[in-house]
Amino acid sequence: MPDIPPMISPEDARELVLSHVSALPAETAPLLNAIGRVAAADVASDMDVSPFAHAAMDGFAVHTADLADASPEAPVELDVIAEVPAGSTYEGTIENGQCVRIMTGAALPADVDAVVKYEIVETVAGDGKAGSRVRFDAPCKQKSNVRDAGEEAREGEIVLHKGEIIHPAGVGFLAGCGALEVAVHRRPRVAIIPIGSELVEPPAKPGPGHIRNSNGYAMAACARDAGAECDIMPIVVDDEDLLAEAVQRAVADHDFVVTTGGASNGDFDFIKPVVERLGTLYMTTVNMRPGKAQTFGMVDGTPVFGLPGNPAAAYMGFSLLIRPALRAMQGYTALEHPRVQARITTSKKKKDPRRIFSRATICRAEDGMLEVTPAKNQSSGLFGVIQKSNCVAIMPEGLDPIHEGDMVECILLDAPEETVL
C-alpha cells in the first residue's frame with residue numbers, strides 16, 4: 001500500500017491521475033462521427049487531389065503568349081471556340097488566337113495555360129459563348145486562376161497524421177481523399193455513481209431531509225463535454241458494502257469510475273475505505289478550495305475518483321483533475337484550459353491558506369485590459385453561480401489578501417484546451 005500524502009497540490013494531483021491512464025485503443029469511425037476526435041493512425045490519399053488541373057473561377061482559358069503584349073491601348077482579341085462547364089472536358093485543339101469559355105472547377109484543356117476571369121474581359125461580338133469574339137487589355141501569368149493537379153495532395157501522401165484532431169474542414173479534405181472511415185481513439189466509458197441516502201432522482205420532489213441528484217447529472221455532463229460516453233448509475237445509499245458492490249460492478253465494464261459524495265471523513269463517508277479495500281488508494285486530499293476532499297485510486301486496473309458532494313467542489317475537481325485524464329485517454333495532448341492574467345475588480349481577504357478557485361466572470365475593460373470579477377456568492381453548494389461564470393480566478397496559497405487592481409491568474413473553463421492566446 002503506497003504512502004498517501006496528507007495533502008498534495010492540484011498540479012501533483014493531476015499528474016498522479018494522468019500517470020494511471022493512457023490513450024485507449026483505436027476504433028474505426030464513420031467520417032462524420034470522427035469530428036473533434038484524435039486520429040489513431042495515419043491516413044493516405046487514394047488519388048491526386050485535385051486529379052486534374054482546373055479553373056479556379058469562371059473565365060476564358062487562354063494561351064498566355066497570345067496576351068503578352070495586350071494593353072488598354074493595344075488590346076488583343078481572341079475567338080471563343082468552345083465552352084467547358086464543370087464536369088466536362090475539351091479535347092480539341094486550341095490554336096493561337098483562340099480561347100475557350102470555362103467554368104469554375106472545369107478541367108483545363110491541355111493546350112492552354114491560364115484563365116482570365118470573366119468580369120475583366122470585354123465581349124466584342126456574340127454573347128461570350130462559343131462563336132463569340134472577346135477582347136483582353138492586359139497580359140496574364142502562366143497558371144493564373146488555375147489550380148494544379150495534386151495541389152492539395154498526391155496519391156499515397158499522408159493527409160492526416162496520427163495524433164491530429166479531425167476538424168470539420170478536415171472531414172471535407174478526407175472525403176476528397178477517399179477516406180470515409182478513420183481510426184480514432186475510443187471514447188472512454190465513464191460510470192457516475194451518486195452517493196447519499198439523502199438523494200432522490202429527478203423529477204421526484206424531495207421530502208424533508210432529501211435533495212435531488214443534481215451532481216450525478218452535472219458530472220455526467222462534464223464527462224460528455226470531455227468527449228466521454230457516460231452512464232449514470234443508480235443512487236447508492238450511505239452503506240460501505242453497497243458502495244463496494246456498486247464500484248465493483250462499475251469497474252467491470254467502464255474505463256473510469258467517478259463517485260460524488262462520501263469523500264470526506266464523516267461517519268457515513270465511505271469512498272476512501274472502499275477504494276482501499278478493493279484496490280489501491282493513492283490520494284485523499286488536494287490543496288484547493290472548493291474541493292479539498294478528492295479521492296483517487298485504482299480498482300482492478302480501472303481509475304476510481306471520488307468527488308466531494310458539494311456541487312462547486314465536485315465541478316472543480318472534475319475540471320482540474322478528471323477532465324485532463326479523460327482527454328488523455330482519447331489521445332489529446334492539450335490537457336489544460338488556457339490561463340490568462342486579469343485585473344481583479346474587488347479586494348479579497350483570505351482566511352484559508354489553501355489555493356482558492358473563485359467562480360468569476362472575465363471580460364475586456366474599456367482600457368483594453370482583461371478584467372475579472374468574482375461572483376459575490378462563493379458557496380460550494382451552488383451550481384447556478386458556475387452556470388453564470390466563464391472562468392475561475394485563482395487566489396494563491398497563503399493568507400496574503402488580494403487587492404482591487406491586482407493581477408490574478410484565471411482559468412478559462414469555457415475555452416477549449418487547444419486555444420492559443
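A residue is called buried here when its relative accessible area is under 20%, exposed when that area is over 50%, and partly exposed in between.

**Figure 1. Overall view of the chain in the predicted model.** By the definition just given, buried residues make up 46% of the 421 residues in this chain. Seven helices and 26 strands are assigned along the chain. Its radius of gyration is 32 Å, well over the 22 Å that the globule rule gives for 421 residues, so the chain is more spread out than a compact globule. The C-alpha trace accordingly has its extent described along the principal axes, where it spans about 95 × 50 × 45 Å. Of the contacts between residues at least 6 apart in sequence, 73% join residues that are at least 24 apart.

**Figure 2. Surface and charges of the chain.** About 20,000 Å² of the chain is exposed, and carbon and sulfur atoms supply 51% of that area. The chain carries 37 positive and 59 negative charges, and the mean positions of these two sets lie 10 Å apart.

**Figure 3. Strand 5 with its partners, strand 6 and strand 9.** Strand 5, which covers residues 76-84, pairs with strand 9, residues 133-136, in the antiparallel sense, and four bridges hold this pairing. Within it, L78 stands opposite V134 of strand 9. Strand 5 is also joined by four bridges to strand 6, residues 98-102, but here the two strands run parallel. V80 has C99 of strand 6 as its bridge partner.

**Figure 4. The surroundings of T64 in the loop between strand 4 and strand 5.** Strand 4 comprises residues 59-62, and T64 is placed in the loop that lies between it and strand 5. The relative accessibility of T64 is 11%, and because buried means under 20%, this residue counts as buried. Leaving aside residues up to four places away in sequence, T64 touches D113, A114, C140, K141 and Q142.

**Figure 5. The surroundings of D111 in the loop between strand 6 and strand 7.** D111 is found in the loop between strand 6 and strand 7, the latter covering residues 114-117. With a relative accessible area of 33%, D111 falls between the 20% and 50% limits and is therefore partly exposed. When residues up to four places away in sequence are not counted, D111 touches H63, G92, T93 and I94. The C-alpha atom of D111 is separated by 77 Å from that of I4, a residue 107 places away along the chain.

Definitions and conventions:
Residues are numbered from 1 along each chain as its sequence is written. This is a predicted model: local features need pLDDT of at least 70, side-chain atom pairs count only at pLDDT 80 or more; totals for chains, interfaces and linings use all residues. Side-chain values use heavy atoms; hydrogens and water are left out. Two strands pair if DSSP finds at least two bridges between them. The radius of gyration is taken over C-alpha atoms; the globule rule is 2.2 Å times the number of residues to the power 0.38. Buried means under 20% relative accessible area, exposed over 50%, partly exposed in between (1.4 Å probe, protein chains only). Contact means heavy atoms within 4.5 Å. Accessible areas come from the Shrake-Rupley method with a 1.4 Å probe; for residues, only the protein chains shown count as cover. Lys and Arg count as positive and Asp and Glu as negative; His and the chain ends are not counted. The place of a charge is taken as NZ of Lys, CZ of Arg, CG of Asp or CD of Glu.
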